[in-house]
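Work through the exercises below with the sequence and the model open. Each task is followed by a solution in steps.

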Amino acid sequence: MAHDDNTADAVTGPGGTPPGPSAVRPADSPRPTPSPGDASLPPELAPAALTLFGDRLDLAAAYAELLATDGVVRGLIGPREAPRIWDRHLLNCAAVAELIPAGATVLDVGSGAGLPGLVLAIARPDLTVTLIEPLARRTSFLIEVVERLGLARSVRVFRGRADEAASGSTGREPISGDVVTARAVAPLDRLAGWCLPLAVRGGRLLALKGSSAEAEIAEHADVVARLGGGQPAVRLCGVGVIDPPTTVVEIVRERMVGPARPAAKKRSRSGRSRRG
């Protein structure tokens, strides 16, 4: 990614949620302790939740409780988001699973509080998911949640930026996946620059977007093409299950585009190099 950790923290918020309250609060204004009841599944959403999570619905409920309690206390989820965790976050993210093939490896860029990566790992136990997040306080939360939910066999946490994950910098092996996900992390041009290098050839970027999807495609399709991506397409996920359905921009990595290299110097007949 082309931004530093502090900028990412201030601007994007966790995994597409609005930035939470400041980590520093006046001594006379303590943060209220949230109630687990804030994350209870509304009865009207129960059919959709059962459709999307199946026999892992209890696991999704446990994650919702962690978001509404520890997630709020630690500033990863805004307090006003707690009552909306199911419709705005969990169901919205889980619907994307319909675009992911069986047994796929998924890399979730800018995972924040685990949206959508952890939700997909809960809904689809056949997936292998890597949560990519540069901020220490967020990766700490993610590691704790993975352990508490018993997901360590299928989920790992990578602390670092997307470009570090793709290049294998800081002494780590490069990683890549069949599917790269991101939720409200950045405009499509920057997002493609960060995410497409993580996808295998023929792999896909699934960017969860809102009403701006069509406009972003019109504005940034040329940049996406230069980065090796195919024509972006809008997909609606969860049609007939959730309302509104989740809007996803899908981009296939058609070409492996590497960094530009300087032109090679031509050699004269004498064997000396000269400028072309």
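## Exercise 1: the surroundings of Phe-53

Beyond its neighbours within four places in sequence, Phe-53 touches Ala-60, Trp-86, Leu-90, Leu-91, Ala-94, Val-119, Ile-122 and Ala-123. The model is a predicted one.

Task: Place Phe-53 in its element, and decide whether Phe-53 is buried or exposed.

Solution.
Step 1. Locate the residue: Phe-53 belongs to helix α2.
Step 2. Apply the cut-off: buried means under 20% relative accessible area. Phe-53 has a relative accessibility of 3%, so Phe-53 counts as buried.
Step 3. Take one contact that bridges a stretch of sequence. Phe-53 and Val-119 are 66 residues apart along the chain, and their C-alpha atoms are separated by 9.2 Å.

## Exercise 2: the nonpolar cores

Task: Find how many residues the largest nonpolar core has, and which elements give two or more residues to this core.

Solution.
Step 1. Count the residues: the largest nonpolar core has 55.
Step 2. Pick out the residues with the most contacts inside this core: Phe-53, Tyr-63, Trp-86, Leu-90, Leu-91 and Leu-118.
Step 3. Assign the core to elements. Two or more residues come from each of α2 (46–53), α3 (57–73), α4 (85–94), α5 (117–123), β2 (128–133), α6 (136–148) and β5 (199–209).
Step 4. Rank the contributions: α3 gives the most, with nine residues.
Step 5. Look for another core. A second, separate one has 26 residues, including Phe-158, Ala-162, Ala-192 and Leu-196.

## Exercise 3: the sheet and the helices across it

Task: Give the order of the strands in the open sheet, and state which are the edge strands.

Solution.
Step 1. Follow the pairing: seven strands lie in the order β3-β2-β1-β4-β5-β7-β6, and the pairing is mixed.
Step 2. Identify the edges: β3 (155–159) and β6 (233–237) each pair on one side only.
Step 3. Check the turn between neighbours. Neighbouring strands of the sheet are turned against each other by 25 degrees on average, direction ignored.
Step 4. Examine one pair. Strand β4 (residues 177–183) and β5 run parallel and are joined by six bridges. Within this part of the sheet, Ala-182 has Ala-207 in β5 as its bridge partner.
Step 5. Add two helices. α4 lies across β4, β5 and β7 (246–252), at about 160 degrees to β4. α6 lies across β2 and β3, at about 165 degrees to β3.

## Exercise 4: the burial of α4

Task: Explain why α4 is described as largely enclosed by the rest of the structure.

Solution.
Step 1. Compare buried residues with the length of the helix: eight of the ten residues of α4 are buried, and therefore α4 is largely enclosed by the rest of the structure.
Step 2. Name the buried residues: Ile-85, Trp-86, His-89, Leu-90, Leu-91, Asn-92, Cys-93 and Ala-94.
Step 3. Find the cover. The elements over these residues include α2, α3, α5, β4, β5 and β7.
Step 4. Inspect one residue at the low end of the scale: Cys-93 has a relative accessible area of 0% and is buried. Cys-237 is likewise buried, with a relative accessible area of 0%.
Step 5. Check for disulfides: the structure holds zero.

## Exercise 5: salt bridges and burial

Task: State how many salt bridges the structure holds, then decide for Glu-133 whether it is buried or exposed.

Solution.
Step 1. Take the total: there are ten salt bridges.
Step 2. Begin with Glu-133, which forms a salt bridge with Arg-138; their closest N and O atoms are 3.8 Å apart. Glu-133 has 2% relative accessibility and counts as buried, and Arg-138, at 4%, counts as buried too.
Step 3. Continue with Lys-209 and Glu-216, whose salt bridge has its closest N and O atoms 3.2 Å apart. Lys-209 is buried at a relative accessible area of 15%, and Glu-216 is buried at 12%.
Step 4. Turn to Glu-164 and Arg-161, whose side chains meet in a salt bridge of 3.5 Å, N to O. Glu-164 counts as buried at 15% relative accessibility, whereas Arg-161 counts as partly exposed at 25%.
Step 5. Extend this last pair: Arg-161, Asp-163 and Glu-164 are linked in a network of salt bridges.

Note on methods. Residues are numbered from 1 along each chain as its sequence is written. This is a predicted model: local features need pLDDT of at least 70, side-chain atom pairs count only at pLDDT 80 or more; totals for chains, interfaces and linings use all residues. Side-chain values use heavy atoms; hydrogens and water are left out. A nonpolar core is a set of buried Ala, Val, Leu, Ile, Met, Phe, Trp, Tyr and Cys residues joined through side-chain atoms within 4.5 Å. Buried means under 20% relative accessible area, exposed over 50%, partly exposed in between (1.4 Å probe, protein chains only). Helices (H or I, at least four residues) and strands (E, at least two) are DSSP runs, numbered from the N terminus. Two strands pair if DSSP finds at least two bridges between them. Axes are lines fitted to C-alpha atoms, for helices over the stretch in contact, and angles run from 0 to 180 degrees between N-to-C directions. Contact means heavy atoms within 4.5 Å. A disulfide is a pair of cysteine sulfur atoms within 2.5 Å. A salt bridge is a side-chain nitrogen of Lys or Arg within 4 Å of a carboxyl oxygen of Asp or Glu.
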